[in-house]
Amino acid sequence: MSDKEFQTNTSEWFYPPEHIVQNANVPDYETVYQKAVEDPISFWAERAETLEWYQKWDKVLDDSNAPFYKWFTGGKTNIVLNALDRHQKTWRRNKLAIIWEGEDGEKRSFSYWRLNQEVCKFANVLRSMGVRKGDTVTIYMGRTPEIVIAMLACAKVGAIHSVIYGGFSEQAIADRIEDAKSRVMITSDGAWLRGQIVPLKDNVDKAIDRSPIVEHVIVVKRTGQDVPMVQGRDYWYHDLMALPIASTRSETEVMDAEDPLFILYTSGTTGKPKGILHTHGGYQVYTSTTLSWVFDIKDDDRWWCAADPGWITGHSYIVYAPLILGATSIIYEGAPTYPYPDRWWRIVEDYGVTILYTAPTAIRGLMRFGDAWPNRRDLSSLRLLGSVGEPINPEAWKWFYNVIGKGKCPIMDAWWQTETGGFMITPLPSVPLKPGSATRPFPGIVVDVVDEDGNSCPPNEDGKLVIKTPWPSMLRTIWGDDQRYINQYWSAYQEQGWYLAGDSARKDEDGYIWVIGRIDDVIKVSGYRLGTAEIESGLVSHPAVAEAAVIGVPDEVKGNVIYAYCILVAGETGSDELAKELREHVRHEVGPIAMPTKIEFVDKLPKTRSGKIMRRVLKARAMGLPEGDLSTLED
Ligand code: WTA
C-alpha cells in the first residue's frame, strides 16, 4: 500500500479469546520478552537446548567480527537431524508430516517415516552424482512434495540449496545459476497453475543455454507432456530413485552450526539479485521457536502455510520449522481460485485445518468473490490465522477475521524478511491486536523506528525500521559479496551497529509497530519482492528499448502493479503492439510476476544531475499527486 492509502487506527483493539490465551505455548508475552532482553544469551541457549546437536556449542554468540555474527559456534548439527532424524526414534515417525493436494485433484501424504525414506533415497542419488558438502544445487520446481524432498536431501548431504521461485523465467534463472555456480539442478517437466502447464523444464533448458555451467539436471515428472531430455545431462527423478544406489539408508552429514544451509535470492536496490545466506544452527533454533510461539503449534494441529516453498516463507514455515516441530502440514499446488473460488475453504474443510497462514494479496483476491463461497464450507476447525508479505489493510484484516475466522481466530500479522529468516515483529496468540499492525517484536528481538540520525521517532511519526541487536537466524552475508552485505544493511547506522531493514514504519503510543512499506527500489507485487533494476534490464534487453524505468503503483488486490516507462532507440516508435511485445519479453526474461501492467513510451525520464532515475517523481505523476521537491532534477 502506498503512503496515500496507508491508514491506521491506533486505538482499535481486538482481544484474543480467553481459551486461546490460557492454552497458548506462551501465555504471557511481556514476561518472556523482558527475560529475553535482559539475558539474550541464556534465552537463546535455552531455546537451542530444545533441539538435538551432535555436539553442543562452545559459544552462543560470537560478535567479535560484527556484522559477521556467528551463532552456536563449535556446535555440530544438521537441520535434518532435527527435521527428520530425531522423529524416527519416537511415535512421531507414524505421524503425517505432509498432506499434499495437486491442482488436478491428485492427493499424496507422507508420514515422517516415509518422508525420511524418500529424503534418504534422494540424498544417495545426489551423492552418486558427486554432490558434496558445500556444493550448491539449484532447485526450480512447482509446489509438489518433491521440492521438499529435494531441499531436505541437499541439507542432509551438506549441499547448499538455492531455490528459484517458479514464477521466474529464463534470464532470472540464468543469473541465479551463474551467481550460485550450481553444477546440479533439480526441476520438473511442468507445474499446474489454473489448469495450465507452467513449462518449467523448458525454462531451465533456455536458462542453461545462457549459463552452461550446469552438468546434470534431475527432472521430476509432474505434468507428463513431452519434454526434450538432453542425453548425458538430464535424468528423470523416478528413474534415479529406482536405482539400487537409492537405498533408504543414508547418513546425515555432520555440519558446523555456521555451515551454509541455503542461498535464497531476493531483490535489492540495485543490480543483480542478492543471494541471502542462511546457516544450519541459528536458523533451526529461530524458525522452530517462532513457529511454536507465534502459531502455537500443538501435536494435533493441521498447519497450513499457503505460500510457495520458493519464497522465504516456504523455506522457514512450510519446510523447516514445521518439520522440526513434528507438525502436520498441508501443501497445495496451483491457484487459490481454481477450479472454483472456494478451493482454499474446501481444503480447510476437507483436512480440518486449524491454522492458516497466508498473504494480504490472497485475502484481498478471495474477498472479491464474496462471502457465499467461504460460508458454504465448514471452517469451524480454524483456531488461528496469519498474514505476511506486506501491510494488511484493515478492510482485508476484518474480512479475514470475521468471515473466515468467524470472529474467534486471532490474526498473527508477522513482519519479517528473507534476510531475517523468521518472524521479527509479530503478535503471539495472547497479544491484543490492532488491524494493520504487526504489533510487537518477538522475544529476543529489539527493533525501533528512527530518523536519519538514529533518534527514536516520536509516536506515530514515520521513520526507518532498524533492528538493534543480532538474532540467530539473521542472514550471514550476501553470497560471494561481503562488502555488499555491509553496505546494504549495516552502513546506514554503522556507528550504532544497527541493521537497516529497508522499510519505513511508525510506532504508536502503545509501542505497536505499523510497517508502511519499502524505502528502496523494491516493489511488492502480490507479496513477491521484485527489484526495479531487474525488470528494467529485462526491458532494455529488448532491441527496441534504449532506457527504462519501472515503478510500483498501488493496486487494490495485488498491493502494487508495475508501470514501465521506456525510451526507445532512434527509429523505433511506440505502439500498442510494441507494448504487448515488451510485456511478453519481460515474461520470458524475468518471469510472469514481473510483467508490467502498463507501458508508456517517453522521450525523457526524470533524473537527478548524477543520472539517477527519480522514480518518486514518476510515481507521483502516475498517481496524480504533487511531485514534491524537484530541486535535484537534471533539467
Ligand atoms: C514486507 C517476506 C508489512 C516488508 C517474509 C519487508 C511486510 C518485505 C510484512 C520482505 C508484514 C513482510 N507487514 N510488511 N507483516 N511482512 N513485509 O523478503 O516490506 O519477500 O521488508 O520476505 O516484505 O519481503 P520478503
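How many helices and strands are there in the protein chain?

**Entry 1: overall fold.** I am working from a predicted model. I counted 19 helices and 29 strands in the protein chain. I then looked up the radius of gyration, which is 24 Å; the globule rule gives 26 Å for 635 residues, so the chain is as compact as a globular protein of that length. I noted that the C-alpha trace spans about 70 × 65 × 60 Å along its principal axes.

**Entry 2: burial, contacts and surface.** I looked up burial and found that 63% of the 635 residues count as buried. Among contacts with a separation of 6 or more, I recorded that 72% join residues 24 or more positions apart. For the surface, I noted about 23500 Å² exposed, with 49% of it supplied by carbon and sulfur atoms. The chain carries 70 positive and 86 negative charges, and I find their mean positions 4 Å apart.

**Entry 3: nonpolar cores.** I recall that nonpolar side chains tend to be buried together in soluble globular proteins. Which residues of the largest nonpolar core touch the most other members? I found Phe122 and Leu152 in that role, in a core of 160 residues. Helix H6 (residues 145-157) contributes the largest share of this core, 10 residues. I also noted a second, separate core of 31 residues, which includes Tyr332, Val353, Leu366 and Ile404.

**Entry 4: Phe122 and Glu118.** Leaving out residues up to four places away in sequence, I listed Ile149, Ala150, Ala153, Ile186, Ile218, Tyr237 and Met241 as the residues that Phe122 touches. I then turned to Glu118, which lies in helix H5 (residues 112-128). Is Glu118 buried or exposed? I recorded 17% relative accessibility for Glu118; the cut-off for burial is under 20%, so Glu118 counts as buried. With the same sequence neighbours left out, Glu118 touches Phe110, Ile149, Tyr237 and Met241. I note that Ile149, Tyr237 and Met241 appear in the list for Phe122 and in the list for Glu118.

**Entry 5: Ile99.** I located Ile99 in strand S4 (residues 96-101). Its relative accessibility is 6%, and Ile99 therefore counts as buried. Which residues does Ile99 touch, not counting residues up to four places away in sequence? I found Arg108, Ser109, Arg302, Thr328, Ser329, Ile330, Ile331 and Tyr351. I also looked up the pair Ile99 and Pro145, which are 46 residues apart along the chain; their C-alpha atoms are separated by 8.9 Å.

How values were computed: Residues are numbered from 1 along each chain as its sequence is written. This is a predicted model: local features need pLDDT of at least 70, side-chain atom pairs count only at pLDDT 80 or more; totals for chains, interfaces and linings use all residues. Side-chain values use heavy atoms; hydrogens and water are left out. Helices (H or I, at least four residues) and strands (E, at least two) are DSSP runs, numbered from the N terminus. Buried means under 20% relative accessible area, exposed over 50%, partly exposed in between (1.4 Å probe, protein chains only). Contact means heavy atoms within 4.5 Å. The radius of gyration is taken over C-alpha atoms; the globule rule is 2.2 Å times the number of residues to the power 0.38. Accessible areas come from the Shrake-Rupley method with a 1.4 Å probe; for residues, only the protein chains shown count as cover. Lys and Arg count as positive and Asp and Glu as negative; His and the chain ends are not counted. The place of a charge is taken as NZ of Lys, CZ of Arg, CG of Asp or CD of Glu. A nonpolar core is a set of buried Ala, Val, Leu, Ile, Met, Phe, Trp, Tyr and Cys residues joined through side-chain atoms within 4.5 Å.
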